[in-house]
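Reader: I'm new to this structure and would like a close look at one part of it, the place where the ligand sits. Could you walk me through that, and then through what lies around it?

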Amino acid sequence: MVAILITAGPTREYLDDVRFLSNASSGRMGCALAEAALGAGHRATLVLGPVEVAPPSGAVVISVVSALEMQAAAERAFDAHDVLIAAAAVADWRPAERLAGKPPRQAGRTTIELVPNPDVVAGLAARKGGRVVLGFALESVSAGFPAAVDRGRRKLVAKHLDAVVVNLYGASGCGAAECGICHADGRDEVLPRTDKRRAADRMVAAAVALWQERNAR
Ligand code: C5P
(Lines give C-alpha, C1' and ligand atoms only; values in the text may rest on other atoms or scores of the structure.)
Protein backbone atom coordinates (compact mmCIF):
# COMPACT_ATOMS: atom_id res chain seq x y z
CA MET A 1 0.00 0.00 0.00
CA VAL A 2 1.35 3.37 -1.06
CA ALA A 3 0.34 6.64 0.65
CA ILE A 4 -0.66 9.13 -2.04
CA LEU A 5 -1.04 12.86 -1.42
CA ILE A 6 -3.05 14.77 -4.03
CA THR A 7 -3.44 18.53 -4.36
CA ALA A 8 -6.62 19.41 -6.22
CA GLY A 9 -9.11 22.10 -7.12
CA PRO A 10 -8.59 25.84 -7.45
CA THR A 11 -7.40 28.26 -4.81
CA ARG A 12 -9.14 31.51 -3.88
CA GLU A 13 -7.14 34.64 -3.28
CA TYR A 14 -9.29 37.13 -1.39
CA LEU A 15 -9.15 40.87 -2.15
CA ASP A 16 -11.45 41.59 0.78
CA ASP A 17 -13.95 39.56 2.79
CA VAL A 18 -16.18 38.76 -0.20
CA ARG A 19 -14.22 39.25 -3.46
CA PHE A 20 -11.56 36.85 -4.70
CA LEU A 21 -9.40 35.82 -7.66
CA SER A 22 -9.67 32.19 -8.72
CA ASN A 23 -10.07 29.90 -11.74
CA ALA A 24 -12.57 27.38 -13.08
CA SER A 25 -10.90 24.18 -11.84
CA SER A 26 -13.64 21.75 -10.79
CA GLY A 27 -11.48 19.43 -8.67
CA ARG A 28 -12.82 16.43 -10.65
CA MET A 29 -9.38 15.26 -11.78
CA GLY A 30 -8.08 15.28 -8.20
CA CYS A 31 -11.13 13.41 -6.90
CA ALA A 32 -10.80 10.86 -9.74
CA LEU A 33 -7.15 10.41 -8.74
CA ALA A 34 -8.15 9.80 -5.11
CA GLU A 35 -10.79 7.27 -6.25
CA ALA A 36 -8.22 5.54 -8.45
CA ALA A 37 -5.71 5.40 -5.59
CA LEU A 38 -8.27 3.95 -3.18
CA GLY A 39 -9.55 1.53 -5.84
CA ALA A 40 -6.02 0.19 -6.30
CA GLY A 41 -5.71 -0.40 -2.53
CA HIS A 42 -3.65 2.67 -1.66
CA ARG A 43 -4.14 5.44 0.89
CA ALA A 44 -5.30 8.82 -0.45
CA THR A 45 -5.12 12.27 1.11
CA LEU A 46 -6.61 15.21 -0.76
CA VAL A 47 -5.51 18.77 -0.11
CA LEU A 48 -8.56 20.28 -1.72
CA GLY A 49 -9.43 23.84 -2.68
CA PRO A 50 -13.05 25.08 -2.72
CA VAL A 51 -15.03 22.75 -5.04
CA GLU A 52 -18.61 21.53 -5.52
CA VAL A 53 -17.66 17.93 -6.32
CA ALA A 54 -17.80 15.42 -3.43
CA PRO A 55 -14.48 13.68 -2.75
CA PRO A 56 -14.52 9.87 -2.35
CA SER A 57 -15.51 8.83 1.16
CA GLY A 58 -12.36 6.78 1.81
CA ALA A 59 -10.01 9.72 1.27
CA VAL A 60 -8.65 11.94 4.03
CA VAL A 61 -9.65 15.45 2.97
CA ILE A 62 -7.84 18.59 4.09
CA SER A 63 -9.88 21.55 2.89
CA VAL A 64 -8.02 24.74 2.06
CA VAL A 65 -8.91 28.07 0.47
CA SER A 66 -5.79 30.00 -0.56
CA ALA A 67 -2.48 28.98 -2.16
CA LEU A 68 -0.66 29.74 1.08
CA GLU A 69 -3.05 27.44 2.97
CA MET A 70 -2.59 24.75 0.31
CA GLN A 71 1.18 25.06 0.60
CA ALA A 72 1.09 24.84 4.42
CA ALA A 73 -1.25 21.81 4.40
CA ALA A 74 0.72 19.97 1.69
CA GLU A 75 4.03 20.72 3.46
CA ARG A 76 2.65 19.29 6.72
CA ALA A 77 1.24 16.15 5.04
CA PHE A 78 4.14 15.42 2.63
CA ASP A 79 6.44 13.57 5.05
CA ALA A 80 3.76 10.96 5.81
CA HIS A 81 3.26 10.13 2.11
CA ASP A 82 5.19 8.23 -0.56
CA VAL A 83 3.80 9.90 -3.68
CA LEU A 84 2.59 13.43 -4.43
CA ILE A 85 0.30 14.07 -7.39
CA ALA A 86 -0.14 17.82 -7.89
CA ALA A 87 -3.39 18.31 -9.77
CA ALA A 88 -4.33 21.63 -8.15
CA ALA A 89 -4.85 24.76 -10.23
CA VAL A 90 -3.06 27.06 -7.82
CA ALA A 91 -3.69 30.75 -8.48
CA ASP A 92 -0.49 32.28 -9.82
CA TRP A 93 -0.86 35.50 -7.81
CA ARG A 94 -2.60 36.83 -4.74
CA PRO A 95 -3.46 40.42 -3.83
CA ALA A 96 -0.60 42.16 -2.01
CA GLU A 97 -3.07 43.04 0.73
CA ARG A 98 -6.49 41.81 1.81
CA LEU A 99 -8.90 44.56 2.80
CA ALA A 100 -11.34 44.13 5.68
CA GLY A 101 -15.09 43.93 5.08
CA LYS A 102 -16.57 44.79 1.68
CA PRO A 103 -15.22 48.12 0.51
CA PRO A 104 -17.83 49.87 -1.67
CA ARG A 105 -17.57 49.75 -5.45
CA GLN A 106 -15.64 52.66 -6.91
CA ALA A 107 -16.39 54.36 -10.21
CA GLY A 108 -13.83 54.07 -13.01
CA ARG A 109 -10.73 51.96 -13.39
CA THR A 110 -8.71 50.60 -10.56
CA THR A 111 -5.45 48.70 -10.13
CA ILE A 112 -4.79 45.76 -7.85
CA GLU A 113 -1.25 44.96 -6.80
CA LEU A 114 -0.57 41.22 -7.02
CA VAL A 115 2.31 39.20 -5.61
CA PRO A 116 3.31 35.75 -6.90
CA ASN A 117 2.18 32.68 -5.00
CA PRO A 118 4.72 30.01 -4.06
CA ASP A 119 4.99 26.98 -6.33
CA VAL A 120 3.63 24.25 -4.06
CA VAL A 121 4.81 21.24 -6.07
CA ALA A 122 8.26 22.68 -6.82
CA GLY A 123 8.85 23.42 -3.12
CA LEU A 124 7.98 19.85 -2.13
CA ALA A 125 9.82 18.18 -5.02
CA ALA A 126 13.00 20.04 -3.99
CA ARG A 127 13.09 17.94 -0.79
CA LYS A 128 11.38 14.77 -2.02
CA GLY A 129 14.10 12.24 -1.09
CA GLY A 130 12.76 8.79 -2.06
CA ARG A 131 9.26 10.09 -2.76
CA VAL A 132 7.79 10.34 -6.24
CA VAL A 133 6.29 13.63 -7.44
CA LEU A 134 3.99 13.90 -10.43
CA GLY A 135 2.76 17.23 -11.78
CA PHE A 136 0.36 18.45 -14.42
CA ALA A 137 0.98 20.71 -17.41
CA LEU A 138 -2.24 22.11 -18.82
CA GLU A 139 -1.40 23.66 -22.17
CA SER A 140 -3.54 25.48 -24.71
CA VAL A 141 -4.90 23.20 -27.45
CA SER A 142 -3.71 25.72 -30.06
CA ALA A 143 -0.11 24.91 -29.12
CA GLY A 144 -0.53 21.36 -30.50
CA PHE A 145 0.49 18.20 -28.66
CA PRO A 146 4.24 18.07 -29.53
CA ALA A 147 4.76 21.67 -28.35
CA ALA A 148 2.71 20.92 -25.24
CA VAL A 149 4.90 17.91 -24.47
CA ASP A 150 7.92 20.15 -24.90
CA ARG A 151 6.56 22.68 -22.41
CA GLY A 152 5.55 19.90 -20.05
CA ARG A 153 9.07 18.48 -20.16
CA ARG A 154 10.52 21.89 -19.34
CA LYS A 155 8.23 22.06 -16.30
CA LEU A 156 9.29 18.56 -15.32
CA VAL A 157 12.95 19.65 -15.25
CA ALA A 158 12.37 23.08 -13.66
CA LYS A 159 10.21 21.67 -10.86
CA HIS A 160 12.23 18.45 -10.28
CA LEU A 161 9.23 16.24 -11.08
CA ASP A 162 9.43 12.50 -11.79
CA ALA A 163 6.66 12.69 -14.36
CA VAL A 164 4.30 15.26 -15.79
CA VAL A 165 0.81 14.76 -17.18
CA VAL A 166 0.45 16.88 -20.31
CA ASN A 167 -3.15 17.80 -21.01
CA LEU A 168 -4.47 20.13 -23.65
CA TYR A 169 -6.82 22.87 -22.47
CA GLY A 170 -9.77 23.20 -24.82
CA ALA A 171 -9.63 19.54 -25.87
CA SER A 172 -12.72 17.54 -24.90
CA GLY A 173 -11.90 14.90 -22.32
CA CYS A 174 -8.49 13.30 -22.37
CA GLY A 175 -8.22 12.10 -25.96
CA ALA A 176 -5.64 9.92 -27.71
CA ALA A 177 -3.51 12.76 -29.06
CA GLU A 178 -4.33 15.12 -26.21
CA CYS A 179 -3.13 13.61 -22.96
CA GLY A 180 0.07 11.86 -22.02
CA ILE A 181 2.47 11.14 -19.19
CA CYS A 182 6.08 12.26 -19.73
CA HIS A 183 8.60 10.54 -17.49
CA ALA A 184 11.88 12.05 -16.29
CA ASP A 185 13.75 9.12 -17.90
CA GLY A 186 12.51 10.23 -21.35
CA ARG A 187 9.59 7.84 -21.77
CA ASP A 188 6.36 9.34 -23.13
CA GLU A 189 3.15 7.42 -22.44
CA VAL A 190 0.17 8.53 -24.55
CA LEU A 191 -3.12 7.88 -22.77
CA PRO A 192 -5.97 6.37 -24.83
CA ARG A 193 -9.22 8.31 -25.31
CA THR A 194 -11.03 7.68 -22.09
CA ASP A 195 -12.74 9.38 -19.14
CA LYS A 196 -11.06 11.15 -16.21
CA ARG A 197 -11.47 8.17 -13.91
CA ARG A 198 -9.71 5.74 -16.30
CA ALA A 199 -7.03 8.29 -17.07
CA ALA A 200 -6.59 8.65 -13.29
CA ASP A 201 -6.05 4.87 -13.00
CA ARG A 202 -3.16 5.17 -15.48
CA MET A 203 -1.65 8.16 -13.68
CA VAL A 204 -1.80 6.46 -10.29
CA ALA A 205 -0.35 3.25 -11.77
CA ALA A 206 2.52 5.23 -13.35
CA ALA A 207 3.29 7.06 -10.09
CA VAL A 208 3.14 3.88 -8.00
CA ALA A 209 5.38 2.02 -10.49
CA LEU A 210 7.96 4.82 -10.20
CA TRP A 211 7.79 4.63 -6.40
CA GLN A 212 8.20 0.84 -6.47
CA GLU A 213 11.22 1.11 -8.81
CA ARG A 214 12.83 3.71 -6.58
CA ASN A 215 12.14 1.88 -3.36
CA ALA A 216 12.79 -1.69 -4.54
CA ARG A 217 15.12 -3.56 -2.22
O1 C5P B 1 3.68 26.13 -14.12
P2 C5P B 1 2.31 25.53 -14.12
O3 C5P B 1 1.33 26.29 -13.27
O4 C5P B 1 1.76 25.18 -15.48
O5 C5P B 1 2.55 24.11 -13.40
C6 C5P B 1 1.51 23.22 -13.19
C7 C5P B 1 1.89 22.23 -12.12
O8 C5P B 1 2.47 22.88 -10.98
C9 C5P B 1 0.68 21.49 -11.58
O10 C5P B 1 1.11 20.22 -11.14
C11 C5P B 1 0.25 22.39 -10.40
O12 C5P B 1 -0.51 21.68 -9.45
C13 C5P B 1 1.59 22.83 -9.85
N14 C5P B 1 1.62 24.17 -9.25
C15 C5P B 1 1.77 24.30 -7.88
N16 C5P B 1 1.85 25.56 -7.32
C17 C5P B 1 1.74 26.66 -8.10
C18 C5P B 1 1.58 26.54 -9.49
C19 C5P B 1 1.51 25.28 -10.04
O20 C5P B 1 1.86 23.29 -7.17
N21 C5P B 1 1.81 27.86 -7.53
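Author: Sure, let's start with the ligand. In this predicted model, the residues surrounding the ligand are A86, A88, V90, P118, D119, V120, V121, G135, F136, K155 and K159. Three of these also come up in polar contacts. A polar backbone atom of V121 is 2.9 Å from an oxygen atom of the ligand. The backbone of F136 has a polar atom too, and that one is 2.8 Å from a ligand oxygen. With K159 it's the side chain that takes part: one of its N or O atoms is 2.9 Å from an oxygen of the ligand.

Now for the helix. K155 is one of the residues around the ligand, and its number falls inside helix α4, which covers residues 145-158. The helix has 14 residues, and at 1.5 Å a residue it should span 20 Å; its end C-alpha atoms are indeed 20 Å apart, so the two figures agree.

Which residues of α4 are buried? They are F145, A148, V149, G152 and L156. Because they cover an arc of only 100° around the axis, they sit on the same side of α4. There's a simple bit of background to this: an α-helix has 3.6 residues a turn, so residues three or four places apart point the same way. Turn to the face of α4 that points away from the buried side and you'll find exposed residues instead, namely P146, R154, V157 and A158.

What do the buried residues of α4 pack against? Their partners are four strands: β9 (132-140), β10 (163-169), β11 (179-183) and β12 (188-190). Two of the residues around the ligand, G135 and F136, have numbers that fall within β9. Just after the helix comes H160, with a positive phi of about 55°.

Let's follow one of those strands a little further. L168 lies in β10, and at 5% relative accessibility it counts as buried, since the cut-off is under 20%. Setting aside neighbours within four places in sequence, L168 is in contact with L138, E139, S140, V141, G144, F145, A148 and E178. F145 and A148 in that list are also among the buried residues of α4, so here you can see the packing of helix and strand residue by residue. L168 also has A143 at 8.5 Å in space, C-alpha to C-alpha, although 25 residues separate the two in sequence.

The strand β11 gives us a cysteine to look at. A search of the whole structure finds 0 disulfides. C182 is in none, and the nearest cysteine sulfur, that of C179, is 9.7 Å away. C182 counts as buried, at 2% relative accessibility.

Finally, here are two spots elsewhere in the chain. T45 is in strand β4 (residues 43-48) and is buried, at 4% relative accessibility. Not counting residues up to four places away in sequence, T45 touches I4, L5, I6, V60, I62 and H81. S66, by contrast, is in a loop, the one between β5 (60-63) and α2 (67-78). S66 still counts as buried, at 15% relative accessibility. A polar atom of the S66 side chain lies 3.1 Å from the backbone nitrogen of E69. Again leaving aside neighbours within four places in sequence, S66 is in contact with T11, R12 and E13.

Terms used
Residues are numbered from 1 along each chain as its sequence is written. This is a predicted model: local features need pLDDT of at least 70, side-chain atom pairs count only at pLDDT 80 or more; totals for chains, interfaces and linings use all residues. Side-chain values use heavy atoms; hydrogens and water are left out. Helices (H or I, at least four residues) and strands (E, at least two) are DSSP runs, numbered from the N terminus. The expected span of a helix is 1.5 Å times one less than its number of residues. Buried means under 20% relative accessible area, exposed over 50%, partly exposed in between (1.4 Å probe, protein chains only). The arc is that of the directions from the helix axis to the C-beta atoms. Contact means heavy atoms within 4.5 Å. A disulfide is a pair of cysteine sulfur atoms within 2.5 Å. A polar contact is a pair of N or O atoms within 3.5 Å; within protein, one must be able to donate a hydrogen and the other to accept it, and residues adjacent in sequence count only if both atoms are side-chain atoms. A residue is near a molecule or strand if one of its heavy atoms lies within 4 Å of it.
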